[in-house]
Amino acid sequence: MCCLCVYSSIACWRTGAGSSRIHVRIESTDYDCDHVTNITPPVIEKIGRQLHKERGHPVNIVKRRIEQHMHSAFRARGGLSPLFTAVDHLSPVVSVEQNFDSLLVPKDHVSRSRNDNYYINSTMMLRAHTSAHQRDLILSGLNAFLMTGDVYRRDEIDSTHYPVFHQMEGVRLFTRDELVASGRGDSSSVELFEDGSQEMDEKQAEHSLEACRLVECDLKETLLGIVKALFGDVEYRWVTTTFPFTHPSTELEIWFNNNWLEVVGCGVMRQGILLDGGVTDRIGWAFGFGLDRLAMALFDIPDVRLLWSSDPRFISQFTAAADDVNAQVQFKPYSKYPACYKDVTFWIPPEYNENDFYELVRDICGDLVEEVKMIDTFQHLKTLRTSHCYRINYRSMDRTLTNEEINQLQNRLRDEVKRLLRVEMR
């Protein structure tokens, strides 16, 4: 059994005397564990928190500002109701099919790795992106929607990464007439689809080049409108990229605080997703905003852990936006408690994966760890074995840590790293 599977057993338990079945409970539902299970208790505890629905929370403020702009800028026919339906209640527990197959992600794609995702078992997982609901929402009859939710990914530990964050998915589908009505095309010439074509950098095989360009134009204008509503007039650039579920694909970056900040990934939706959603006469675009990153940038929040803080000194700074989403709010730093650094060094086995170590640190030390950084790597000249040295920065967001409790955590961490990851300490 790999170290990942051994570690995952922390979150599972047997049910009934003599039972060989092991389960994990999420949102009052028991799921069978298997060799793929790698979800951990600290992550399970975050399910249901839903920061995007807590009025006055920075993540909720960003969500509501985007929705406000979209509802104002885009109205359904007749102008009586918003064009985009807002959805924010869907469970983060999805099938592997929803998270990957419904988005046409290849079976061998790196994004499926257990090292990067939280698997409940071989068929169920915590969604890694809100895109997991695209097809199902299209199947429900929606042609324009904003879907917001918490998403989960295994990652490094520092001030900008956390195993739970929040995304807003935007999708809009167009018929030929709707695309023409956008004012960018000639009704006598635009066709959505063409036969016998091949995929190119500029379009999918099924799409006409002109239709693809019109959809991209609408997408970019929409995103620039959102960015202006959030940040005002800023310098921006489009960066070509690749996603399995869109083509062409791009990322929007803005010049913010003397750096280029990536704010959204987007593209023309793969036509196969629409077909699986029962749509044969439309073409569409999709985008995905990371709300936590936007909140940290907009409100000058230096550490992602603050978004999960219950400290009144943090929460009270944003309450003015609970009722008035456009209220001017900004994070003002309060006392930063002292840091304590501890190092841990070990020989790594062939199957070692760094994210397993990060998960173990999170499980044992929780949010008391500000950052984990590998500061040295060494290869023995004779045995060719490799060792890693990690520096762990302990710092609480709301109190001073004592040497005694840090030493206890560090000793426990060393013991569990050795036991569960099957490494040899140095």
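This is a guided tour of a predicted model, moving from the whole chain to its two larger sheet regions and a hairpin.

**Whole chain**

Start with the full chain shown as a cartoon. Its secondary structure comes to 12 helices and 16 strands. The radius of gyration is 24 Å, close to the 22 Å that the globule rule gives for 426 residues, so the chain is as compact as a globular protein of that length. Along the principal axes, the C-alpha trace spans about 75 × 50 × 50 Å.

**The hairpin of strands 2 and 3**

Select residues 22-26, which are strand 2, and residues 29-32, which are strand 3. The two strands run antiparallel and are joined by four bridges. Show the side chains of Val 24 and Tyr 31: Val 24 stands opposite Tyr 31 of strand 3. Two residues separate the strands of this hairpin, and Glu 27 in the turn has a positive phi of about 50 degrees.

**The seven-stranded sheet**

Next, display the open sheet with strand order 4-7-8-12-11-10-9, in which the pairing is mixed. Colour strand 4 (85-87) and strand 9 (236-243) to mark the edges. Each of these has a single partner strand, so one side of each is left without a neighbour in the sheet. On average, neighbouring strands here are turned by 25 degrees against each other, direction ignored.

Stay at the strand 9 edge and add strand 10, residues 246-256. Strand 9 and strand 10 pair in the antiparallel sense over seven bridges. For one facing pair, select Trp 238 and Leu 252; Trp 238 stands opposite Leu 252, which is in strand 10.

Now add helix 7, residues 209-231. What does helix 7 lie across? The strands are strand 8 (164-174), strand 9, strand 10, strand 11 (259-269) and strand 12 (283-290). Helix 7 runs at about 30 degrees to strand 12.

**The four-stranded sheet**

Move on to the open sheet of four strands, ordered 14-15-13-16 with antiparallel pairing. Strand 14 and strand 16 (424-425) stand at its edges, each with a single partner strand, so one side of each is left without a neighbour in the sheet.

Select strand 14 (residues 369-379) and strand 15 (residues 386-394), which pair in the antiparallel sense over nine bridges. Within this pairing, the bridge partner of Glu 371 is Asn 393 in strand 15. Strand 14 and strand 15 form a hairpin with six residues between them. Leu 384, in the turn, has a positive phi of about 65 degrees.

At the other edge, select strand 13 (residues 340-347) with strand 16: two bridges join this antiparallel pair. Trp 347 stands opposite Glu 424 in strand 16.

**Helices 11 and 12**

Keep the four-stranded sheet on screen and add helix 12. Helix 12 lies across strand 13, strand 15 and strand 16, and runs at about 15 degrees to strand 13.

Then add helix 11 (residues 354-365) beside helix 12 (residues 403-420); their axes come within 10 Å and cross at roughly 140 degrees. Helix 11 and helix 12 are therefore oblique to each other. Their crossing is right-handed.

Finish by showing side chains at this contact. From helix 11, select Phe 357, Leu 360, Val 361, Ile 364 and Cys 365. These meet Leu 409, Arg 412, Leu 413, Glu 416, Val 417 and Leu 420 in helix 12. By class, the contact has nine nonpolar, no polar and two charged residues.

Key. Residues numbered from 1 in each chain as written. Predicted model: local features only at pLDDT ≥ 70, side-chain atom pairs only at ≥ 80, totals over all residues. Heavy atoms only, no water. Axes fitted to C-alpha atoms, helices over the stretch in contact; angles between N-to-C directions. Parallel < 35°, antiparallel > 145°, perpendicular 65-115°, else oblique. Left-handed = near helix turned anticlockwise from the far one by under 90°. Contact = heavy atoms within 4.5 Å. Nonpolar A, V, L, I, M, F, W, Y, C, P; charged D, E, K, R; others polar. Pairing = 2+ DSSP bridges. Rg over C-alpha atoms; globule rule 2.2 N^0.38 Å.
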